[in-house]
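The following explanation leads through one protein chain, from a strand and its partners to the aromatic contacts of the side chains. Please keep the sequence and the model in view while reading.

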Amino acid sequence: MALRENIVLRSSEKRESAEILGENSVRYLSQTVNIKRTSNKSIASSNEETGEDIRTVFRILVERGRKYFLDLKRFYPMCSKVRGHALIINNEKFSQRDIYPNRKGSSVDIENLDNLFSQLGFLVDKCENMKRNETFKKLIDFSEMKDHIDADMAVICISSHGSENGKVISADCLEIDLETDILRRFNNQYCPNLKGKPKFFMVQACRGDELDFGLLTPSPTSGIMTDAKKMNSPTQRKYRRERTFSEIPKELTWEDMVIAYSTLPGYVANRDHFRGTWFIESICKIFMEKACDTPLRDMLDEVALDLKINYISEVGTKQSFNYDVRHFYKKLYFNPGLYLDSKEQWKASTLIDEDHHGRRRAMSESQGNKKVDAEFLNCLE
């Protein structure tokens with residue numbers, strides 16, 4: 001059986017009413033929707049009476065940054081007027097619907113992501129229902145864009161059905177390998193224009209068909225376990241890679257990447273017909289509230305907490321997500337709404353470098369008849 005994205009729905013602590021979406025599938029609405037309690041009526045009819053739209057649960061409104069985080073030794077620079085480009089590929093309709101049904105609700109994710117990253121200063125390119133070859137061409141064209149040279153970072157989101165072993169499904173129901181066909185395209189070898197710049201990937205797709213029903217009580221364990229495998233046999237030691245040293249400095253092939261996966265290997269990802277996927281909704285909610293003063297990886301930790309506390313399906317399933325980092329050695333602050341040209345970035349960085357005690361300094365710059373006060377903060381830990 002083909003692996004599909006699981007369609008289960010979000011529940012809140014205060015349930016006001018429910019709508020039958022299909023066989024044995026009930027969607028619970030939070031109190032924030034403010035729909036009157038009804039009996040023997042569907043939400044659709046209740047919606048007509050109240051004149052409310054249950055599909056607009058929250059509006060993306062990014063809070064503007066108040067301080068620059070601009071220590072170039074510790075933070076990735078994020079000050080350009082146009083931060084960079086964001087590519088969003090969403091496959092909602094598939095050629096073999098009996099195997100890969102339509103992903104109803106995924107278009108909500110795309111609109112939310114478009115609003116989010118547009119407000120964060122990105123130029124967003126949205127693509128829908130792309131075949132395998134079309135996806136390859138788009139990824140190649142995007143990775144080779146000359147605009148990346150002047151950009152601060154790049155964002156890539158892939159939303160589709162998925163399967164085990166790191167595969168996502170194109171609109172013509174063919175597999176695309178996440179590692180070799182997508183991520184590799186943006187390493188330093190294939191994408192030199194983004195060398196030294198952060199690349200943020202979001203992968204909204206199933207990675208298996210397991211359901212996570214959670215635990216009622218923690219399972220006790222004894223002893224200490226490790227993920228490392230001992231090399232005791234002579235054969236294992238024989239093929240162990242020895243350290244080599246070279247006088248010629250080499251650059252890294254893989255660096256500056258964060259890859260956020262909607263679910264864990266082997267498990268399904270959850271999607272609501274009206275609100276979109278749990279993972280993307282949570283990212284949009286956390287980022288629009290926290291991007292003003294919170295670095296990327298800390299916000300992803302907040303997403304993990306949000307998924308744990310606020311999301312559960314009507315049949316009791318939960319969802320865990322994970323993210324990988326590949327030599328992501330600086331903090332990334334989005335600095336929404338704050339801009340500096342390259343000259344001012346250099347000035348600010350010099351001030352921060354001299355101020356090794358982490359004192360705050362303020363600068364005032366004049367652009368034409370406009371004065372802009374910028375406060376630069378050195379966040380030394």
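Rings of Phe, Tyr and Trp, the last represented by its six-membered ring, are taken as a pair if their centres lie within 6.5 Å. By this criterion, a search of the whole structure, which is a predicted model, yields 15 aromatic pairs. Two of these pairs are treated below, after the strand that helps to place them.

Strand S4 covers residues 84-90, and 7 of its 7 residues are buried, so the strand is largely enclosed by the rest of the structure. Strand S5, residues 122-128, pairs with S4 in the parallel sense over 7 bridges. Within this pairing, glycine 84 stands opposite phenylalanine 122 of S5. Between S4 and S5 the chain passes through helix H2, residues 106-119, and this β-α-β crossover is right-handed. S4 also runs parallel to strand S6, residues 153-159, to which 7 bridges join it. Here isoleucine 89 is found opposite isoleucine 158 of S6.

Which residue of S5 takes part in an aromatic pair with phenylalanine 334? The residue is phenylalanine 122, and its partner lies in the loop between S16 and H8, so the pair ties together parts that are 212 residues apart in sequence. The ring centres of phenylalanine 122 and phenylalanine 334 are 6.3 Å apart and the planes stand at 65°, so the pair is edge-to-face; the cut-off for this class is over 60 degrees. Phenylalanine 122 is buried, with a relative accessible area of 4%, and phenylalanine 334 is buried at 0%. Both residues belong to one aromatic cluster, which is formed by Phe117, Phe122, Phe200, Phe287 and Phe334.

A further pair also involves the loop between strand S16 (322-326) and helix H8 (342-354): phenylalanine 328 lies there, while tyrosine 76 lies in the loop between strand S3 (68-69) and S4, so this contact ties together parts that are 252 residues apart in sequence. The centres of the rings of tyrosine 76 and phenylalanine 328 are 4.9 Å apart and their planes are at 45°, so the pair is tilted. Tyrosine 76 is buried, at a relative accessible area of 1%, and phenylalanine 328, at 6%, likewise counts as buried.

Aromatic rings also meet charged groups in this model. The charged end of lysine 81 sits over the ring of tyrosine 339, 4.3 Å from its centre. Likewise, the charged end of arginine 207 is placed over the ring of tyrosine 261, at 4.0 Å from the ring centre.

Notes. Residues are numbered from 1 along each chain as its sequence is written. This is a predicted model: local features need pLDDT of at least 70, side-chain atom pairs count only at pLDDT 80 or more; totals for chains, interfaces and linings use all residues. Side-chain values use heavy atoms; hydrogens and water are left out. Buried means under 20% relative accessible area, exposed over 50%, partly exposed in between (1.4 Å probe, protein chains only). Helices (H or I, at least four residues) and strands (E, at least two) are DSSP runs, numbered from the N terminus. Two strands pair if DSSP finds at least two bridges between them. A crossover is right-handed if, with the strands pointing away from the viewer, the path from the first strand over the helix to the second runs clockwise. Rings of Phe, Tyr and Trp (its six-membered ring) pair if their centres lie within 6.5 Å; planes under 30 degrees apart count as stacked, over 60 as edge-to-face and the rest as tilted. A charge sits over a ring if NZ of Lys or CZ of Arg is within 6 Å of the ring centre and within 35 degrees of the ring normal.
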